[in-house]
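Colleague: I am new to this one. Could you walk me through it and tell me the reasons behind the terms you use?

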There are 2 protein chains.
Amino acid sequence: MSWDLSTAKPPVVVDTTLRDGSHAHRHQYTVEEARAIAQALDEAGVYAIEVSHGDGLGGSSLQYGFSRTDEMELIRAVRETVRRAKVAALLLPGIGTRKELKEAVEAGIQMVRIATQCTEADISEQHFGMAKEMGLEAVGFLMMSHMRPPEFLAEQARLMEGYGADVVYIVDSAGAMLPEDAYARVKALKEALSRAKVGFHAHNNLGLAIGNTLAALAAGADWVDATLRGYGAGAGNAPLEVLAAVLDKAGLNPGLDVFKLLDAAEYVMGPILHFQPYPDRDSVAIGYAGVYSTFLLHAKRIGKELGVDPLAILLELGRRQAVAGQEDWILRVALELKEKEAGALAD
Amino acid sequence: MSWDLSTAKPPVVVDTTLRDGSHAHRHQYTVEEARAIAQALDEAGVYAIEVSHGDGLGGSSLQYGFSRTDEMELIRAVRETVRRAKVAALLLPGIGTRKELKEAVEAGIQMVRIATQCTEADISEQHFGMAKEMGLEAVGFLMMSHMRPPEFLAEQARLMEGYGADVVYIVDSAGAMLPEDAYARVKALKEALSRAKVGFHAHNNLGLAIGNTLAALAAGADWVDATLRGYGAGAGNAPLEVLAAVLDKAGLNPGLDVFKLLDAAEYVMGPILHFQPYPDRDSVAIGYAGVYSTFLLHAKRIGKELGVDPLAILLELGRRQAVAGQEDWILRVALELKEKEAGALAD
C-alpha cells in the first residue's frame, strides 16, 4: 500500500529550536531561555540540540542580524544543562570559519552540521576535514534541495559522504516540497550513500512539515529535525511535540516523552515565543514559488513601486530558479512582468 | 513510487469556513462577515460554501452554543452574495429536523451534508430521502472515521449511497489519522461505492490536515474540504489558501485562484478570526488520543480534582473507543488510573 510507514524505523530526532528558531526569535535568545529549552528537550529524550545563530556560527552581524547573547555563551549554557542530549551547532562555510568552530568545540559542541547550497557541496570539504580533526560528529546539509532533482542531490550527498559526513540531510529550506518530492529525494540519497545516514529537515510553508517528514521516513530517512512549536524561519519547522505524538501513533517513537514535549511546548516555549509561526500569505508564497524568504521584502517593495503583484514576481523568480545573491533579478523580472501586462492590454 | 499523486485528479473543493469555522468563532458570525467571506470564496472559485451552526442546522442551543445570527439569515446572505458557488448546510440527524432543512432550502441552500457517527449511517435514511425530495445535492459525512477500519466504513458508506448520497465523506473529526489511515479509508470507499463520489474532511490536530488531504487524493478522493486560515474545530481544518497552493503545485488545481485565496486569508479572514487555530497541547492530545474535543475540559477538571494527568485520561478513553455521550466514562477512567498509580507506589 502507498502512503504507509511499514518500512520506516524510529528516527534520530534533532531539535533546532535554539538555531532555526533563532530566526523567528530575531536572534534574541537569552541564557535563561536557552537553559529552560535545553532542559525540557533533554528530559524529553531528543538525541541532539542545535544551538547557534540562525545562520550558523559567526552569523551575528549587520547582514544577518546581531545576536543578543554571544552564541558561545548559549552553547556553554546548553552543554552545562543537558545530561543526555548531544550539543550541535550549524556552520555555513563562508559565514563560520575554523576560528568559530574551534570556539564552539571549546564551549561544548559534540556535533557540527555543515550547510551548503544543494549545488555547492564541494565547498564543504575542508570544513568536514576540520570537524573530523576536532573529533566531532559531522552532518551535511543540502539547502534548498527542492530546486534540484533526486539524482543531482545524490551526487552532492556522495561528495559530502566522501569528505567524512556521518549524515547528509535533504533540507527543504523554502518549505516548497510536496510529500512525493521529499520521498524521492530521501530515497535517492538512501540508495546513493554507502555509509552515511540520511536526514530530512522540513519547513511548513505549504502546511506539510509533518506530512513531508513522514514521507521522508517512509523513504528511509534516519534522522529528522524539529523545533518546539515549529519555531523557525518562514512558516516554521516541524513542531517537535506534534511530531513526537505522530511518531508514537505510527509505532516509530525513538524514546521521546510525548507528554513532556506537549508540556514543554505549552509551558516552556509558549511564554518565550515572539509569535507562533504559521503558513501565512507571505510564507505560503515562499513555499509556492520555491524562493528564498529574503526575496519577499524586495519583491513587495519593487512590486508596489511598479504596480506589479509581488506574488507574481516571486513565482517568476521561482520558475527561473533564482538563488540567494540574485536579488538583482527581482527588478528585472518585475519590469518584464509590467511590460508583458502592458502588451496584453495594448492587444 | 509511493507518496506520489500521479493518479490523483483535481478535486471538488468545498469551503466550510462558515460552518466548521463557526466552532472556532463560537458561533458569533455576523451577516457582514458571512457576506465578505462568501464573496471572497466565490470569486476564488470554490465549488460550494457550507453555512450553518457548527453542529449543523438547529445547533444553536444552550447545549451546543447559541448563534449570534440566525443561521437562516446567514444562509440567505451567502446565497444573495454568491454568483457561482453552491450554498450548502450541515445536518446532524437528531439536532436538525425536516423543519430546519425546509427553512434552509427556502433560505437558499442547494446542497445538504448529512452527518452521522461512522457507526450509525443507518439513522440517516430518512434524511437523505428528505434531501432528495427537496431536490438537494446530498452528501454523507461519516464522523470520527479514525475509530473504525476501512472495510467497516465502506459498509456504512454503502448504506448512505443506497439512501441516495451523491458523495460520502471520510471525516477525521478528531484529526487523529495518519496519512496511511486516510489513504486506506478513502481507498476502501472508492472500491465499495458504485455511483457516489468519495470525500475527505481533515482536521489538523496532528499537523496533518494538508498531508492527509493529499493522501486522500492519492487514494482517489473526489471531494475535499477546507477553510480559510484552517478556521475550525480543534486545531482547525485544512487551510484553503494553503491547499490551493499545494494543489496548484501538484498539477491538481480545480480552478482555484491561489492569489485571491492568499489575499482572502490575509485581508478578509485575518481581521475576522478570533484566534489562529494551531496544534496546541490540547488539540494534539485530542488527535493523539483520538477522542472528542468535548472530552478535554471534563478530563482537565476531573484530572485536577483527582491529581491524574488529563492527557493520560484522554489516552485511556481513546483506547476504550469512547464516543460522544460517554462523558461518564471520564470519572471512571480517572479513578482507575489513580488506583493503578497508588498500587504501583505501594509495590
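Colleague: How much area is buried between chain A and chain B, and what share do carbon and sulfur atoms give?

Modeller: Happily! Keep in mind that this is a predicted model. The area buried between chain A and chain B is about 4,300 Å², and carbon and sulfur atoms give 70% of that area. Chain A brings 49 residues to the contact, and chain B brings 49 residues.

Colleague: What makes B:D263 and A:R281 a salt bridge?

Modeller: Their side chains meet with N to O at 2.6 Å. The cut-off is 4 Å between a side-chain nitrogen of Lys or Arg and a carboxyl oxygen of Asp or Glu, so a pair at 2.6 Å qualifies. Across the interface of chain A and chain B, the rule finds two salt bridges.

Colleague: Which classes of residue make up the side of chain A that touches chain B?

Modeller: That side has 31 nonpolar, seven polar and 11 charged residues.

Colleague: Now to A:R113, in strand β4 of chain A. Why is A:R113 called buried?

Modeller: Its relative accessibility is 0%. Buried means under 20%, so A:R113 counts as buried. Among the residues that A:R113 touches are A:V14, A:L91, A:F141 and A:D225.

Colleague: How do you know that A:R113 and A:E50 are joined by a polar contact?

Modeller: Their side chains are joined at 2.8 Å. The limit for a pair of N or O atoms is 3.5 Å, so 2.8 Å falls within it.

Notes. Residues numbered from 1 in each chain as written. Chains lettered and ligands numbered in written order. Predicted model: local features only at pLDDT ≥ 70, side-chain atom pairs only at ≥ 80, totals over all residues. Heavy atoms only, no water. Contact = heavy atoms within 4.5 Å. Buried area = accessible area lost by both parts, 1.4 Å probe. Nonpolar A, V, L, I, M, F, W, Y, C, P; charged D, E, K, R; others polar. Helix = DSSP H or I, 4+ residues; strand = E, 2+ residues; numbered from the N terminus. Buried < 20%, exposed > 50% of the residue type's maximum accessible area, 1.4 Å probe, protein only. Polar contact = N/O pair within 3.5 Å; in protein donor to acceptor, adjacent residues only side chain to side chain. Lists of a residue's contacts leave out its neighbours within four places in sequence.
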